[in-house]
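Please work through the exercises below with the sequence and the structure side by side. Each one sets a task and then solves it step by step.

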Amino acid sequence: MPQNLVETHYTSESLGETILAALRAAGKDLDHLTPDDLAPVDEFHSGQRLATVRLAELVGFAGSERVLDVGSGLGGPSRYLAWRYGCRVSGVDLTAEFVRVADMLNRLTGLVGRVDYRQGDALDLPFESESFDVVWSQNAAMNIADRDRLYREMRRVLKPGGKLAMQEVAAGPGGAPHYPVQWAREPSISFLYSQEATRAKLAAAGFRVAAWQDTTEPALQSATARARSAVGQPPALSTHLLLGADWHAMFRNSGRNLEERRTELFNAVLERTD
Ligand SMILES: C[S@@+](CC[C@H](N)C(=O)[O-])C[C@H]1O[C@@H](n2cnc3c(N)ncnc32)[C@H](O)[C@@H]1O
């Protein structure tokens with residue numbers, strides 16, 4: 001049973017079976033699945049795989065890094081980093097159902113031993129201090145109010161000189177978002193900060209900006225394309241499988257919110273200061 005409102009929002013019954021059925025319907029061979037096969041459904045953030053590729057290039061992985069994905073969801077980004085670069089990746093997520101499905105997809109893609117998942121709270125990361133070379137997080141912080149503590153926790157588990165790579169939704173100047181959106185059906189579990197306020201919190205937590213990209217425009221293009229797919233039948237494999245009956249409205253609102261600058265999106269790579 002979900003333990004809190006955020007976990008309740010993301011939990012749907014029989015998600016694993018739903019995804020397996022959708023993979024079969026999309027003609028995928030379940031005995032030879034690759035992270036590419038899963039990307040339409042397990043990259044659960046704006047811009048999906050392309051956004052993951054862009055953020056990874058901004059980090060400049062060598063492949064030897066030990067990586068922690070905070071709010072790892074179904075594990076699309078973590079499996080991509082292990083598969084493409086050879087990194088050893090751990091994921092932590094609040095939603096038990098997502099962790100179970102991430103483990104299943106890991107087995108199906110043959111990545112057990114290179115990627116692992118556990119349930120946990122980003123505000124109390126279940127890892128030793130100074131364990132990771134890179135902390136990675138995409139579209140998870142918008143469910144987390146206490147950003148000071150979140151960024152302090154991320155810094156704690158990073159080795160000295162380690163990097164934090166983030167893709168986040170930020171508050172824009174256009175006013176409160178239209179709901180529902182993919183991360184919340186109503187405001188009580190949505191916590192957006194402006195890019196400026198986020199930068200100030202990161203600096204206070206002990207990070208220096210190495211790269212900061214406002215990606216609102218490309219996110220708007222991708223959200224507009226997705227909103228078009230919210231008319232009529234969606235493709236067999238898509239993140240609508242994770243979202244529940246109101247997925248049409250969520251896809252549409254994502255585009256509207258970006259267009260009206262109620263939300264913005266950014267990529268950032270930061271270094272731990274010591
Ligand atoms: C929109 S999904 C993104 C998943 C993944 N990062 C991706 O891009 O595919 C947001 C995720 O953040 C997780 N999350 C939200 N609050 C969290 C917290 N306090 N600690 C850990 N995970 C959290 C949710 O359970 C959910 O899996």
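A residue is called buried when its relative accessible area is under 20%, exposed when over 50%, and partly exposed in between, with a 1.4 Å probe and protein chains only. This is a predicted model, in which local features need pLDDT of at least 70 and side-chain atom pairs count only at pLDDT 80 or more, while totals for chains, interfaces and linings use all residues. Residues are numbered from 1 along each chain as its sequence is written, and side-chain values use heavy atoms, with hydrogens and water left out.

**Exercise 1.** Decide whether Phe251 is buried or exposed, and place this residue in the chain.

Start with the relative accessible area of Phe251, which is 2%, so that this residue counts as buried. Next, find the element: Phe251 lies in helix α10, residues 247-259, where helices (H or I, at least four residues) and strands (E, at least two) are DSSP runs, numbered from the N terminus. Finally, compare sequence and space: Thr224 is 27 residues away from Phe251 in sequence, and the two C-alpha atoms are 8.4 Å apart.

**Exercise 2.** Work out which residues Ala22 and Ala51 touch, leaving aside those up to four places away in sequence.

Begin with Ala22, which lies in helix α2 (residues 15-25) and is buried at 7% relative accessibility. Contact means heavy atoms within 4.5 Å, and Ala22 has such contacts with Ala236, Leu237 and Leu241, residues up to four places away not being counted. Leu237 is 215 residues from Ala22 along the chain, yet their C-alpha atoms are separated by 5.7 Å.

Turn then to Ala51 in helix α4 (residues 48-59), which is also buried, with a relative accessible area of 9%. With residues up to four places away again left out, Ala51 touches His45, Ser46, Gln138 and Gln167. Asp37 lies 14 residues from Ala51 along the chain, and the separation of their C-alpha atoms is 16 Å.

**Exercise 3.** Explain why strand β7 is described as largely enclosed, and find the strands with which it pairs.

First, take the burial: nine of the ten residues of β7 (residues 263-272) are buried, and therefore the strand is largely enclosed by the rest of the structure. Second, look for partners, bearing in mind that two strands pair if DSSP finds at least two bridges between them. Strand β5 (residues 158-171) runs antiparallel to β7 and is joined to it by nine bridges, while β6 (residues 207-214), likewise antiparallel to β7, is joined to it by seven bridges. Third, follow Leu270 of β7, which has Leu164 opposite and also Val209 opposite.

**Exercise 4.** Identify buried residues of helix α7 and the elements that help to cover them.

In α7 (residues 147-157), the buried residues include Arg147, Leu150, Tyr151, Glu153, Met154, Arg155 and Val157. Their cover includes β1 (66-70), β4 (132-138), β5, α8 (195-205), β6 and β7.

**Exercise 5.** Describe the chain as a whole.

Count the elements to begin with: the chain has ten helices and seven strands. Its C-alpha trace spans about 50 × 45 × 35 Å along the principal axes. Of the 274 residues, 55% count as buried. To finish, consider the contacts with a separation of 6 or more, of which 78% are accounted for by residues 24 or more positions apart.
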